[in-house]
Amino acid sequence: MASIGVYSSPKMECIEGRCFSFINSSTCLNLWPMIGRKNFPNRKKRLEMTRSLPNTLSPLESEEDATLSSSDSLEDEFSHVTKFEMSDFKIRNRVSIGLGGRGDEIVFEAMVTDPHSPLYKTRVVLRQLISARAKRRGRRAIEVLKRLARRKLMYHSYSMQVHGYISSSMIDENSSFTLVHGHHGSSSLRHWLQQSDWLPTLEATLSLDQESVRRVGDDTIGGPAISRQLRLIRILMRDLLIGVNYVHSHGLAHTELRLENLHISVVDKHIKVGILGNAADFNEADPEDITSYDNMDRRRMMIAFDMRCVGFIMAKMVLRELMDPMIFAKFKAFLTKGNDPSCLREFLLHAVNRNSSAGNFGLQILDRNWGAGWHLLSLLLAPKPLDRISCLNALRHPFLCGPKWRVTPSIDLIRWSLGSTTVRIAEEYIYGQQQRSRLAHFVELMEMLNPYPKPKHWMGLLPGKWRLLYCTGRHIGLTLRQPSVRVLIGEAYLSVSKVSKPNTTFSAVSHISFAVMAGQDWAHDKSGVGGKLQVNSFYRLRAGRRLYLKEETTTSIFPLATPDAQASVLKRISSKKWRKAIPINEVPSSLSVAKLVSSEIDVMMSLNEPLSGNMEVAQKALQEVRTQIPPEMFDLSKIVCGTYVDSRLLVLRSVNGSALVFTRCTNDS
């Protein structure tokens with residue numbers, strides 16, 4: 001890996017561009033001259049900068065031609081920045097890797113030596129732009145500055161400062177052009193996060209105190225590693241969103257938001273958004289082009305592109321496993337294939353190694369506050385650009401607001417919180433009376449807040465692969481019983497696909513995989529003999545109503561749709577916590593549901609060797625599977641209606657009132 005820098009000496013009369021390698025240094029680089037090296041990236045000619053004779057003009061030290069009127073007009077447009085000379089700087093012999101340039105750029109660190117300059121003794125970065133495209137980026141960064149600098153406080157706080165330029169001619173494409181911008185630290189945000197001790201180092205750099213904690217509405221300082229990391233992510237994300245919103249409010253889109261373009265200033269403790277060399281104007285659409293978007297659509301699309309980049313930055317900050325290029329490629333491919341970002345948790349549970357060096361803190365951070373982190377991430381990475389959240393709404397999101405800030409959640413966030421809490425309780429695999437009661441309450445609340453009660457909505461949301469998560473009427477898995485044949489359930493899925501659109505007919509296939517542990521060492525060896533059970537059926541979708549029969553009683557130990565459960569739900573939604581959020585004053589007498597009319601079913605089971613020839617063991621294994629799995633998965637005709645569906649959760653009700661909760665899976669999961 002190589003980059004471009006300079007080597008200088010007080011006794012030398014010339015400065016030459018050289019190539020240096022990353023040798024035994026993680027943060028700073030010594031510039032080792034490699035004489036004779038000619039094959040630089042993206043260019044064939046060796047770059048040289050000489051100033052040995054007064055009459056010889058070098059690319060970095062040439063005077064403007066006053067005779068060119070067109071050049072004067074261009075320089076008038078850049079009058080808001082300073083035009084420097086190369087003699088105004090003292091070049092340093094070290095370049096930090098955090099400033100890393102592209103293949104068509106040469107990066108210098110320098111000190112301003114002109115005593116008449118307001119930047120005297122200020123550390124700056126010189127970015128010599130080689131190609132024509134790079135020079136356009138540099139000039140664009142200066143043009144953008146003229147618009148952003150109207151609010152100097154915001155500009156200096158959240159943007160990388162551009163002080164000026166060095167150029168011999170503004171109209172000659174072959175002339176040199178060097179951008180002079182501020183030095184806001186030696187490392188980009190990527191290099192901060194790649195350090196092994198990044199958390200305490202960033203905390204010390206930002207000098208987190210009571211004021212910084214107040215900025216994110218937190219009520220604690222320090223604490224466990226997860227709380228510390230969440231607090232730091234809130235600070236960084238809020239700074240980033242404020243800076244991006246500042247750019248958007250001036251009619252510009254950054255278009256190049258990534259970790260390498262973000263720097264943390266140790267002076268004012270703010271994130272600096274990188275140079276706006278590729279900033280795009282919202283109002284640059286060609287009025288004669290009938291295929292182009294109007295200004296409003298163009299604005300929304302460009303803001304949505306920036307917000308997607310912010311989503312990638314947030315994902316890498318929280319889930320540090322995504323810093324691995326291979327894992328991030330899988331993460332990005334998951335979204336590129338059209339999968340819904342609301343299913344990211346199900347995907348990452350399999351894609352991220354739970355024994356990684358990061359300690360799996362990211363999943364726990366996103367699960368906090370009823371899954372608010374997953375909700376914000378799904379809004380930032382929404383597949384439809386117009387569905388992505390804006391900077392201002394993201395700043396008001398509960399994930400970025402500490403517990404001292406009371407944020408009124410939207411009804412969509414309440415549905416998300418109910419679903420996330422249901423998933424977390426079911427995954428804990430604790431089926432005591434208290435947990436079963438809580439799950440029943442949450443399922444009832446979700447059904448009352450069902451966003452898609454009509455069958456026309458189910459036609460697009462129902463097809464897919466669903467993993468059985470919980471059933472209110474049956475324990476799933478092993479219990480304290482002593483069965484004759486021990487069976488370990490592997491996976492239980494319900495795959496729904498559309499067969500015919502006019503008749504709204506769906507094909508439902510129940511897949512159950514298990515392992516029969518016939519040996520005596522089953523407690524230590526869970527491999528066993530594999531088996532599969534498959535049930536096929538067809539459904540027709542109709543509109544229906546679910547009635548609450550108040551006179552109905554039950555003696556089941558499992559809480560179903562009983563009056564006691566309804567009374568508890570009413571008590572819960574009438575409390576101060578839920579009263580303003582859920583617009584329900586009493587439990588309704590009926591709810592709109594999607595009625596599922598089933599036809600014939602087909603059941604198939606297969607066992608691997610050597611149990612495939614033992615009929616008695618096969619019958620006992622089948623009986624044990626039916627004991628552990630809800631009967632609705634074997635007889636799909638017992639499923640009579642669907643009461644809740646969204647992009648990630650599905651609730652189906654059986655004929656006896658039991659609720660089956662499913663979570664959506666993707667092929668990548």
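The numbered points below describe the fold of this protein, as seen in a predicted model.

1. Overall composition. The protein contains 18 helices and 23 strands. Of its 669 residues, 51% count as buried. The exposed surface amounts to about 32800 Å², and carbon and sulfur atoms supply 52% of that area. When contacts between residues at least 6 apart in sequence are considered, 70% of them join residues at least 24 apart.

2. The largest nonpolar core. In soluble globular proteins, nonpolar side chains tend to be buried together. Here, the largest nonpolar core has 66 residues, and Leu189 and Phe331 touch the most other members. Helix 8, which covers residues 295-318, gives the most to this core, namely 11 residues. Apart from this core lies another one of 38 residues, including Leu462, Leu468, Ala492 and Ile629.

3. The surroundings of Phe331. Which residues does Phe331 touch, if those up to four places away in sequence are not counted? They are Phe312, Ala315, Leu322, Leu344, Phe347, Leu348 and Leu381. Two of these names, Leu344 and Leu348, return in the next point, as both belong to the part of helix 10 that meets helix 11.

4. Helix 10 against helix 11. Helix 10 (residues 344-351) packs on helix 11 (residues 361-380) at an angle of about 130 degrees, and the axes are 11 Å apart. Angles between 115 and 145 degrees count as oblique, so helix 10 is oblique to helix 11. On the side of helix 10 the contact is formed by Leu344, Arg345, Leu348 and Leu349, and on the side of helix 11 by Leu363, Asp367, Trp374 and Leu377.

5. Helix 7 against helix 11. Helix 11 also packs with helix 7 (residues 225-248); here the angle is about 75 degrees and the axes are 10 Å apart. The two helices are therefore roughly perpendicular to each other. Helix 7 contributes Ala225, Ile226, Ser227, Gln229, Leu230, Ile233 and Arg234, which meet Phe361, Gln364, Ile365, Arg368 and Asn369 of helix 11.

6. The open sheet. Strands of a sheet pair through backbone hydrogen bonds, either parallel or antiparallel. One open sheet in this model has six strands in the order 5-10-11-9-8-6, with mixed pairing. Its edges are formed by strand 5 (82-83) and strand 6 (89-91), each of which pairs on one side only. Strand 5 is joined in the parallel sense to strand 10 (residues 162-167) over two bridges, and Lys83 has Tyr165 of strand 10 as its bridge partner. Helix 2 (residues 132-148) packs on this sheet, where it touches strand 8 (105-112), strand 9 (123-129), strand 10 and strand 11 (177-182). The direction of helix 2 makes about 45 degrees with that of strand 11.

7. A charged residue within the sheet. Is Arg127, a residue of strand 9, buried or exposed? Its relative accessible area is 10%, and a residue under 20% counts as buried, so Arg127 is buried. Leaving aside neighbours within four places in sequence, Arg127 is in contact with residues that include Leu99, Glu105, Val107, Phe177, His181 and Ile275. Arg127 and Glu105 are 22 residues apart in sequence, yet their C-alpha atoms are 6.4 Å apart in space.

8. The barrel. Eight strands close into a barrel in the order 16-17-18-19-20-21-22-23, with antiparallel pairing. Neighbouring strands are turned against each other by 35 degrees on average, direction ignored. Strand 20 (residues 590-607) and strand 21 (residues 639-645) are joined by two bridges, and Ala594 stands opposite Gly642 of strand 21. Helix 14 (residues 433-448) packs on the sheet and touches several strands, among them strand 19 (529-547) and strand 22 (649-654); its direction makes about 100 degrees with that of strand 22.

9. Strand 16 and its two partners. Where does the barrel close? Strand 16 pairs with strand 23 in the antiparallel sense over six bridges, with Tyr470 opposite Val661 of strand 23. Strand 16 is also joined by four bridges to strand 17 (residues 486-500), again antiparallel; Lys465 has Ser495 as its bridge partner there. Six of the eight residues of strand 16 are buried, so this strand is largely enclosed by the rest of the structure.

Notes: Residues are numbered from 1 along each chain as its sequence is written. This is a predicted model: local features need pLDDT of at least 70, side-chain atom pairs count only at pLDDT 80 or more; totals for chains, interfaces and linings use all residues. Side-chain values use heavy atoms; hydrogens and water are left out. A nonpolar core is a set of buried Ala, Val, Leu, Ile, Met, Phe, Trp, Tyr and Cys residues joined through side-chain atoms within 4.5 Å. Buried means under 20% relative accessible area, exposed over 50%, partly exposed in between (1.4 Å probe, protein chains only). Contact means heavy atoms within 4.5 Å. Two strands pair if DSSP finds at least two bridges between them. Axes are lines fitted to C-alpha atoms, for helices over the stretch in contact, and angles run from 0 to 180 degrees between N-to-C directions. Accessible areas come from the Shrake-Rupley method with a 1.4 Å probe; for residues, only the protein chains shown count as cover. Angles under 35 degrees count as roughly parallel, over 145 as roughly antiparallel, 65 to 115 as roughly perpendicular and the rest as oblique.
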